[in-house]
Every structure is written in structure tokens, then in C-alpha cells.
Amino acid sequence: MYRRGEQVCFSPSSSRLGLARSQGAGYLESMMEAPPVRKPKRRWVWTKILYGLVGLFLVATVIGRLWWGSYADSQLREVVEGIRARGEPLEWAEFAPEPVPDDQNEALLYLEASYTPFLSREGVRWYCASSGARFVRPPVSQEEEKRLERLRDMLPYLLGYPDFRGKRREDVIEILKLSQESLALCRQARGLERSDWGMDFSGDALGTEYPPLMPARNLARVLCLAALEAHDAGDDARAVEHIRDALAIARSMRTMPSVVCQAVGQATESTAYAAIEAIAPKLTVGDSPGAVPREVLQDLITKLVDNRAMEEGMV
């Protein structure tokens with residue numbers, strides 16, 4: 001760089017100037033030329049292909065979904081038409097049982113028998129929509145509640161462990177004493193064989209309230225305990241009658257169109273089956289005092305293989 005008057009001039013470096021002189025004018029002209037233009041890579045081609053495949057997949061998905069929806073709808077209509085043709089219930093309101101008069105409704109007796117201070121817990125209540133009856137567990141003192149709760153929680157162990165039952169003779173006697181009226185109501189209810197637990201079928205199935213069945217299950221446990229005690233005392237006829245009463249409660253539960261009610265009914269049946277297994281090896285059959293009449297035993301066997309209650313509840 002050198003200064004000429006007021007103008008500042010730049011001169012090439014001596015090395016580049018010497019190289020230009022040695023190479024001639026062609027070198028300077030080559031340096032003045034514009035650099036070559038690079039052609040852009042064709043990535044946009046693959047991008048378009050990818051977008052096209054994605055769009056094709058989305059269109060195929062929509063078309064497949066529309067076809068499958070139409071096909072599934074036609075299949076559902078065929079099933080619904082078949083159910084209607086067979087006269088089976090389909091809507092939730094159609095599962096409501098036929099009206100049962102109160103004097104023929106065994107469920108009302110089971111509710112009355114089970115909503116006692118001993119068999120149900122505090123605060124349990126139920127409104128029977130079909131009959132308008134209300135069942136409320138009577139209140140008791142706090143000390144009495146603790147005593148009843150201890151006896152109530154003891155029921156499964158008294159049934160499953162004979163040695164424990166033998167050591168708790170006073171508790172067993174107290175439980176049977178508290179349940180005398182309930183056992184009598186169960187015997188009365190067994191002869192009715194028509195059930196309506198008072199469920200309200202006017203709303204949606206998911207919002208339907210079910211009756212609290214734990215008190216009725218406790219009632220069946222007491223019946224099985226009474227059967228075991230009667231068998232130990234040599235009165236097999238009375239023991240079988242108590243088991244028939246417990247099976248009648250389970251059958252009544254399973255008439256309700258609910259998986260929960262079916263499960264509770266099956267559990268109640270299992271309790272009765274366990275009592276049958278306990279007394280069957282030494283069961284006395286015949287006409288002797290305390291023996292089970294053969295016709296009664298045959299009726300019990302018939303009830304054990306009868307699945308109509310389950311079919312009526314789940315159809």
C-alpha cells in the first residue's frame with residue numbers, strides 16, 4: 001500500500017506480483033474469472049417421495065377405517081336382529097324382572113333377615129324401588145358395635161377351621177342366638193322362589209345402584225355354621241335344611257343381571273358347597289331320627305346341578 005497525494009492505493013503482494021509476472025497475463029485473467037456455480041443436491045426429490053408415501057398411508061387408513069366401520073355396523077345389526085327375533089332382552093330397562101307381589105317376593109324376606117345389627121355394618125341401607133320398602137340397619141352403641149363386629153369377622157374362620165370352632169363354643173352359641181329370627185325368615189323365604197331385589201332399571205346400566213349383598217352373604221354363612229353345628233349334634237336332617245336355605249339365598253342373588261351379583265352369588269354357593277363337603281362323609285340318610293330323608297337329599301342334588309338362576313340373571 002502506498003499513498004499518492006490524497007488517494008490511497010493498494011498494490012498486490014510482491015510474491016503474487018512476481019507469480020503473475022512469471023505466469024503471464026493469463027494468470028491474472030484466471031483470477032478475475034467468477035468461481036464455478038455448484039449445482040444444488042436433489043434432496044427435494046426424496047422429500048416429495050416421502051411426503052407422497054405418508055399421504056398415501058393416511059388416505060389408505062381413512063378408507064380402511066370407513067370400510068371397517070360399515071362392515072362392523074352391518075354385523076352388529078345382524079346380531080341385534082337375532083336377539084330381537086329370539087325375544088331376549090337387549091336394552092337395560094328390558095332386564096327388569098316381572099313385578100312380584102310382596103307376599104311372594106323372597107328377596108324382601110332376605111333383606112329383612114340380613115339387615116340386623118349383627119349381619120350388617122353401620123350405615124348400610126337399601127331402598128327397594130319395586131315395593132317402596134326401606135331397609136335400614138338399626139343403630140347400636142359403640143361398645144355393642146365392637147362386640148358384633150368381632151363376632152361377624154369371626155364367621156369365615158368358624159366355617160373353615162373345625163378346631164377353631166371347637167375352641168369358640170361360646171361365640172358360636174352367641175352367633176346362633178343372635179340369628180334365630182333371621183334363620184326363621186330364611187326358611188319362610190325358601191318356599192317362595194320368586195325374587196325382586198328392587199333394583200331401579202329406569203336409568204343407565206352403569207349408573208344403576210345395586211343392593212348391598214354382604215349382609216345376605218353373612219346370613220348364608222350363619223346358615224352354614226348352623227348346619228355344621230346340627231351335624232355335630234347328630235341332626236343331619238336339620239343340617240341339610242340349613243344348607244338348602246343357604247343355596248336358596250345364592251340362587252336369589254344370581255337372578256339379578258349383574259356380574260357383581262353373580263360373583264357374590266357364586267361365592268355364597270361356594271360357602272354352602274364347603275359345608276356339604278364337611279358333612280357328606282358322615283351324613284346319615286334314611287328314616288331314623290336325625291337322618292336325611294332320601295327325597296330331601298335327591299332334591300338337594302337336583303338344586304346343586306340346576307343352573308337356571310345363573311342363566312336367567314345373565315341372559
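Biologist: In this predicted model, how are α5 and α7 oriented relative to each other?

Modeller: Happy to start there. Two packed helices are described by the angle between their axes and the distance between the axes. Here α5 and helix α7 (residues 169–178) pack at about 110°, and their axes lie 11 Å apart. Angles of 65 to 115 degrees count as roughly perpendicular, and α5 and α7 are therefore roughly perpendicular to each other.

Biologist: Which residues make that contact?

Modeller: From α5 come R147, L148, R150, L151, M154, L155 and L158, and from α7 come D171, V172, E174, I175 and L178. Sorted by class, the contact of α5 with α7 has 8 nonpolar and 4 charged residues, with no polar ones.

Biologist: Let's try another pair. At what angle do α9 and α10 pack?

Modeller: The angle between α9 and α10 is about 165°, with the axes 7 Å apart. Since the cut-off for roughly antiparallel is over 145, that makes α9 roughly antiparallel to α10. The crossing of α9 past α10 is left-handed.

Biologist: And which residues of α9 and α10 meet?

Modeller: On the α9 side you will find A216, R217, L219, A220, L223, C224, A226, A227, A230 and H231; on the α10 side, D236, R238, A239, H242, I243, D245, A246, I249 and M253. This contact of α9 with α10 divides into 13 nonpolar, 2 polar and 4 charged residues.

Biologist: How does α4 pack against α10?

Modeller: Helix α4 (residues 106–114) meets helix α10 (residues 236–253) at an angle of about 115°, with 11 Å between the axes. That makes α4 roughly perpendicular to α10. Here too there is a handedness to read: α4 passes α10 in a left-handed crossing. The residues involved are E106, A107 and Y110 in α4, with D245, A248, I249, R251 and S252 in α10. By class, the contact of α4 with α10 counts 4 nonpolar, 1 polar and 3 charged residues.

Biologist: Now for empty space. What volume does the second largest pocket have?

Modeller: The general idea is friendly to a chemist's eye: rolling a probe the size of a water molecule over the atoms shows where empty space is left. In this model, the second largest pocket has a volume of about 290 Å³.

Biologist: Which residues lie nearest the centre of the second largest pocket?

Modeller: Of its 17 lining residues, L159, L228, A274, A275 and A278 lie nearest the centre. The lining has 10 nonpolar, 4 polar and 3 charged residues.

Biologist: Which helix supplies the largest share of that lining?

Modeller: That is α11, with 6 residues. At least two lining residues each come from α5 (142–160), α6 (162–167), α9 (214–232) and α11 (259–279).

How values were computed: Residues numbered from 1 in each chain as written. Predicted model: local features only at pLDDT ≥ 70, side-chain atom pairs only at ≥ 80, totals over all residues. Heavy atoms only, no water. Axes fitted to C-alpha atoms, helices over the stretch in contact; angles between N-to-C directions. Helix = DSSP H or I, 4+ residues; strand = E, 2+ residues; numbered from the N terminus. Parallel < 35°, antiparallel > 145°, perpendicular 65-115°, else oblique. Left-handed = near helix turned anticlockwise from the far one by under 90°. Contact = heavy atoms within 4.5 Å. Nonpolar A, V, L, I, M, F, W, Y, C, P; charged D, E, K, R; others polar. 1 Å grid on protein atoms, 1.4 Å probe; cavity = no way out; pocket = protein on both sides within 12 Å on 5 of 7 lines; lining within 4 Å. Points joined across faces, edges and corners; volume = space filled by probe spheres on them.
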